[in-house]
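Student: I've got a protein model to look at and I'm not sure where to start. Could we go through it together?

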Amino acid sequence: MSARGVDVVVAGGRVVTPTEIVEASVAIKNGRIVALGDAGALPDAGRVIDATGKYVLPGLIDCHLHVGPEYDDWRTAPLAAARTGLTTLLPFVVYDEGESLPKAITRLREEAESLSVLDFGMHMILNHEPHILEGLTEAVGLGVTSFKLFMTYKKRPKRMVSDEFIAKTMERLAGLGALCQLHCENGDVLCYLEDRAIAAGHTAPTDFPPTCPDWTEEEAINRAILIGRMTNCPVYVVHLSTKLGLERIKRAQAEGQRVWTETCPQYLLLTDKEMERWGPFAKIGPPLRPAAGLDRDALWRGSEHGIIAAVASDHSPRVPAAKEPGRKNIFVDGQGRPIPFGAPSLETLVPLMWSEGVARRGLSPTWIARVLAENPARIFGLYPQKGAIRVGSDADLTLWDPEPEWTIDKSQHLGIAGFTPYEGWKVRGRPFMTLVRGQVVLNASGELEQKPGFGRYLPRTGPTPPRRA
């Protein structure tokens, strides 16, 4: 290191990677990590951040949330996320009717660059429109390398795709070195069960989960895996919710296939009993699983052992007025329109995973670094720029204080949902400070030092296999 010194040294903390925790300081210059080591051996710094008693994690990533007109927007979601210890967002976005993928990506990038306080990439949702595939090559050239298909939601126009469309999409993505993400539920069966429930008058909120049995997730996962094998396309199963689905993914991984998955706090912590408390506000897809079932414990173990590579929020908030009609009919409103799926999760993702995973279940902080930093960066083509504490990486750091105890309350949140399913949940640990590209975003007083527009677009490459436990 030259005698001119560095910009920042984060000193005295415990640096956490997916494999180890070490007492070390981190030196930063021009937005990147330039050295790791004993503070006394590092160059003089313009600013020294005292991280004594704190864990120094790679900047944390939420790799599954929804941003857009019917959700939190590009200003609100990043501001909300930044206050919780997140430093990078990878939301799902959609193109407008008649808009090509390249035009949508350019439009959304410009919008987000003007509004986001955090660095960001994008996953693109593809509807059942064969012409949209014509823009895939250019989209990948613009740095969007992950594309999502829905195997359900038959009552939403063009949303549910056919197996033929999945095969054609995967074939193209395989040739481009890109990744296919899938919402795996058998939409034909779910539609049949929903219509049967409506015909029988079984339309209370508690009647919703039984119309989405666990085997319909496993069946769709099986199809996605087999089509991925046929086309040699990497497969990413979003929001895994069942033990059955986990076992099928485990088998595919054991056979050497590039099949990866994530789960979410709601599937690790909540059950179908929430339908009694929250009614339509707890309607999510896939549904919350039975309280007496084996799914939650299986998902925790799958995540601990690395079968499940990442944990993400699937933040999809809705304004209360959109959800309220579901109290009378959980499936459709008075005009026959589907009651929307989705619930807020962005602002509770990191606190809950630390509190429930590390503080309560005894998982190592290295687990957090794996499922919320390195693996999302690997799978979604950002590693080692993001998700790593190593020389040359962006100086994105989440400094975590493991000691504070507090209670989740909706009044703390910025999003449009107006509620949280974790209301009154007692948690331990909170972010002390975050840095993005060497600049403090969240400071020790809990305030944001950067403004909307600070965030940068992250063009991404193809996937790198995630790190196992």
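Tutor: Sure, and let's fix one term before we begin: helices (H or I, at least four residues) and strands (E, at least two) are DSSP runs, numbered from the N terminus. With that naming, Pro384 lies in the loop between α13 and β17. Keep in mind that this is a predicted model.

Student: What is the peptide bond from Tyr383 to Pro384 like, and what is its omega?

Tutor: This bond leads into Pro384, in the loop between α13 and β17. The bond is cis, and its omega is near 5°.

Student: Where is Pro286, which follows another cis bond?

Tutor: The bond from Gly285 to Pro286 is cis, with omega near -5°. As for its place, Pro286 sits in the loop between α9 (274-278) and α10 (295-304).

Student: How many helices and strands are there in the protein?

Tutor: The protein has 469 residues, 62% of which count as buried. Its elements come to 13 helices and 19 strands.

Student: Why does the radius of gyration agree with a compact globule?

Tutor: Start from the expected value: a compact globule with 469 residues would have a radius of gyration near 23 Å. The C-alpha atoms fill a box of roughly 75 × 50 × 40 Å along the principal axes. The radius agrees with the globule because the protein has 22 Å.

Student: In what order do the six strands of the open sheet come?

Tutor: The pairing in this sheet is mixed. β3 (21-23) and β19 (439-440) stand at the edges with a single partner strand each, so one side of each has no neighbour in the sheet. Reading across, you get β3-β2-β7-β17-β18-β19.

Student: Which residue in β3 is the bridge partner of Arg14?

Tutor: Look at β2 (residues 14-16), which pairs with β3 in the antiparallel sense over three bridges. Within β3, the partner of Arg14 is Glu23.

Student: Helix α12 packs on the sheet, but what angle does its direction make with that of β18?

Tutor: Helix α12 (residues 349-360) touches β7 (55-58), β17 (397-407) and β18 (426-436). Another helix, α13 (residues 365-379), lies across β2, β3 and β7 and runs at about 25° to β7. For α12 and β18, the angle is about 120°.

Student: Is strand β4 enclosed or open?

Tutor: Check its two faces: Ser25, Ala27 and Lys29 on one side are buried, and so are Val26 and Ile28 on the other. Five of the five residues of β4 (residues 25-29) are buried, so the rest of the structure leaves this strand largely enclosed.

Student: Which residue in β5 is the bridge partner of Ile28?

Tutor: β4 pairs with β5 (residues 32-37) in the antiparallel sense, over five bridges. The two form a hairpin with two residues between them, and Asn30 in the turn has a positive phi of about 55°. Across in β5, the partner of Ile28 is Ile33.

Student: And which residue in β4 does Val10 stand opposite?

Tutor: Three bridges join β1 (residues 6-11) to β4, and the two run antiparallel. Opposite Val10 in β4 stands Val26.

Student: Last one: does Asn232 count as buried or exposed?

Tutor: Asn232 is in the loop between α6 (214-231) and β14 (235-237), and its phi is near 60°, a positive value in a residue other than glycine. Exposed means over 50% relative accessible area. With 55%, Asn232 is therefore exposed.

Methods. Residues are numbered from 1 along each chain as its sequence is written. This is a predicted model: local features need pLDDT of at least 70, side-chain atom pairs count only at pLDDT 80 or more; totals for chains, interfaces and linings use all residues. Side-chain values use heavy atoms; hydrogens and water are left out. Two strands pair if DSSP finds at least two bridges between them. Contact means heavy atoms within 4.5 Å. Axes are lines fitted to C-alpha atoms, for helices over the stretch in contact, and angles run from 0 to 180 degrees between N-to-C directions. The radius of gyration is taken over C-alpha atoms; the globule rule is 2.2 Å times the number of residues to the power 0.38. Buried means under 20% relative accessible area, exposed over 50%, partly exposed in between (1.4 Å probe, protein chains only).
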